[in-house]
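Trainee: I should like to learn how to read the features of a structure such as the one shown here. May we go through them in turn?

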Amino acid sequence: MNPNDEVIAGARDRALERIAAAAVEADLEAVRVEVLGRKGLLAGVSKDFGKMAPEERARMGKLLNAVKQEVETALESRKAAFASAALAARLDSEWLDLTLPAPPPRRGSLHPVTLIQTEIEDLFISMGFTVLDGPEVETEEHNFDALNIPGDHPARDAQDTFWLTDGNLLRTHTSPVQVRGMRKLGPPLRMIAPGRVFRNEEVDASHEHTFYQLEGMMVDRDVSVAHLIFFMKTLLTSIFRREVTVRLRPGYFPFVEPGFELDIQCLICGGPGCPVCKQSGWVELLPCGLVNPNVLRMSGIDPEQWNGFAFGLGLTRLAMMRYAIDDIRLLLGGDLRFLNQF
Ligand code: FA5
């Protein structure tokens, strides 16, 4: 008997034993290297091949191959067992109960200024007005010149206007959309333009640096102050759904002539005075007037044939009155406890 028979049988038995006892996959690799590797036990036997008779060499070769195969098969099947145990553990840990009810989607709500804006849009659309939009970054020409606002008007001061380094500005009111509307659509014209405006202002309970206005304009033949008052009354009755006390004062805006300030009695305090109405009992809400002929002319409309009215509603202030919000800063604050109430 060839002493190698014993070496091979011993190596086989030990390998199979260790494979069966392997606790982790790395143990298998150790067995493989030790038994089947280039410097392993079985390779040691092949070194003696040169000294063997041809028949003995053939018998040894066969035996070696059979043992190699047996060990390899045992290694593979243990490896597969490790893999399926790992998969089972993973599936166990990632288990998910798909029959549990999903958490409900979080419902948002519209901002109070958006609510009131859409209401006014619907009202004016029903009266034949078009809703226009204009850019928040405006040219000096649209924001001031074309509205007949002279070069030395205090509103142009850096104190009130956010000027950009390229000579443009953040629009200080929605009135430049009047200019864009007249130039684009021509007369007759009925338009409103809600939007965000910016002023370099000290912030307090009723003043923001960023707030919303809603511009309105009607250009037609023989438009009078009576038309203007009709539309303003229709607007306020629709918004407040009750009689509100208003007062009309003369107001000066270079783009209207005559110009008015329409104030409403403060709905927060009802008249005696509070921080919102600056203790006056009245809230400035709706400056308006008949369009200055110069403004029509500068936008290519013949003032001999056409005239009109315009107004610039303080949309943010209107939302405050409508929902009895006593501090304008709440509207920009993004506090969900406040916003979720609408
Ligand atoms: C204007 O901006 C004119 N463009 C309005 C106009 C349009 C007049 C068309 C005539 C014809 P005024 O600066 O007064 O006007 O602003 C209009 C309204 O915006 C005010 O009545 C007020 O309700 C609101 N408002 C003005 N400043 C602020 C501010 N800092 N914060 C909140 N609301 C403001």
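The dialogue below takes up the sheet, the ligand, burial and the backbone.

Mentor: Please keep in mind throughout that this is a predicted model.

Trainee: Let us begin with the sheet. How many strands form the open sheet, and in what order?

Mentor: Strands of a sheet pair through backbone hydrogen bonds, either parallel or antiparallel. Here, seven strands make up an open sheet of mixed pairing, and their order is β1-β4-β5-β9-β8-β7-β6. The edges are held by β1 (130-131) and β6 (246-250); each has a single partner strand, so one side of each lacks a neighbour in the sheet.

Trainee: Which residues stand opposite each other where β6 pairs with β7?

Mentor: β6 and β7 are antiparallel and share five bridges. Val246 faces Ile264 of β7 across this pairing. Ile264 also stands opposite Val283 in β8. The link between β7 (residues 256-265) and β8 is antiparallel as well, with eight bridges.

Trainee: How many bridges does β8 form with β9?

Mentor: β8 is joined to β9 (residues 307-314) by three bridges, in the antiparallel sense. Gly289 has Ala310 in β9 as its bridge partner, and Leu290 stands opposite Phe309 in β9. β9 also pairs with β5, antiparallel, over eight bridges. There, Asp220 is bridged to Asn307 of β9.

Trainee: What should I keep in mind about the side chains of such strands?

Mentor: In a regular strand the side chains alternate between the two faces of the sheet. Burial is then a separate reading.

Trainee: How many residues of β8 are buried?

Mentor: A residue is called buried if its relative accessible area is under 20%. In β8 (residues 282-291), seven of the ten residues are buried, so the strand is largely enclosed by the rest of the structure. β9 is mostly covered too, with seven of its eight residues buried.

Trainee: May I turn to the ligand? Where does the ligand sit, and which residues are the closest to it?

Mentor: The ligand sits in the largest pocket. The elements that contribute two or more residues to the shell around the ligand are β5 (210-220), β8 and β9. In total, 24 residues surround the ligand, and the closest are His173, Ser175, Arg199, Glu201 and Glu208.

Trainee: Which atoms of the protein lie 2.8 Å and 2.9 Å from a nitrogen atom of the ligand?

Mentor: One reads the partner atom and the distance together. An N or O atom in the side chain of Glu201 is 2.8 Å from a nitrogen atom of the ligand. For Glu208, a polar backbone atom is 2.9 Å from a nitrogen atom of the ligand. An oxygen atom of the ligand is 3.1 Å from an N or O atom in the side chain of Gln213. Of the 680 Å² of accessible area that the ligand has on its own, the protein covers 94%.

Trainee: How does one read a helix, and which residues of α10 are buried?

Mentor: An α-helix has 3.6 residues a turn, so residues three or four places apart point the same way. In α10 (residues 315-322), seven of the eight residues are buried, so the helix is largely enclosed by the rest of the structure. The buried residues are Leu315, Thr316, Leu318, Ala319, Met320, Met321 and Arg322. Ala324, which follows α10, has a positive phi near 50 degrees.

Trainee: Which other residues have a positive phi although they are not glycine?

Mentor: Among them are Asn148, with phi near 70 degrees, and Lys278, with phi of about 50 degrees. Asn148 belongs to the loop between α6 (140-143) and β3 (169-170) and is partly exposed, at 23% relative accessible area. Lys278 is found in the loop between β7 and β8 and counts as exposed, with a relative accessibility of 53%.

Trainee: Where are the cis peptide bonds from Pro187 to Pro188 and from Glu257 to Pro258 located?

Mentor: Omega is the angle to read. For the cis bond from Pro187 to Pro188, omega is near -10 degrees, and Pro188 lies in the loop between α7 (176-185) and β4 (189-198). For the cis bond from Glu257 to Pro258, omega is near 0 degrees, and Pro258 lies in strand β7.

Note on methods. Residues are numbered from 1 along each chain as its sequence is written. This is a predicted model: local features need pLDDT of at least 70, side-chain atom pairs count only at pLDDT 80 or more; totals for chains, interfaces and linings use all residues. Side-chain values use heavy atoms; hydrogens and water are left out. Buried means under 20% relative accessible area, exposed over 50%, partly exposed in between (1.4 Å probe, protein chains only). Helices (H or I, at least four residues) and strands (E, at least two) are DSSP runs, numbered from the N terminus. Two strands pair if DSSP finds at least two bridges between them. A residue is near a molecule or strand if one of its heavy atoms lies within 4 Å of it. A polar contact is a pair of N or O atoms within 3.5 Å; within protein, one must be able to donate a hydrogen and the other to accept it, and residues adjacent in sequence count only if both atoms are side-chain atoms. Accessible areas come from the Shrake-Rupley method with a 1.4 Å probe; for residues, only the protein chains shown count as cover. On a 1 Å grid over the protein atoms alone, a cavity is a set of points where a 1.4 Å probe fits but cannot get out, and a pocket is an open set with protein on both sides within 12 Å along at least five of seven lines; lining residues have an atom within 4 Å of a point. A molecule sits in a cavity or pocket if more than half of its atoms lie within 2 Å of its grid points.
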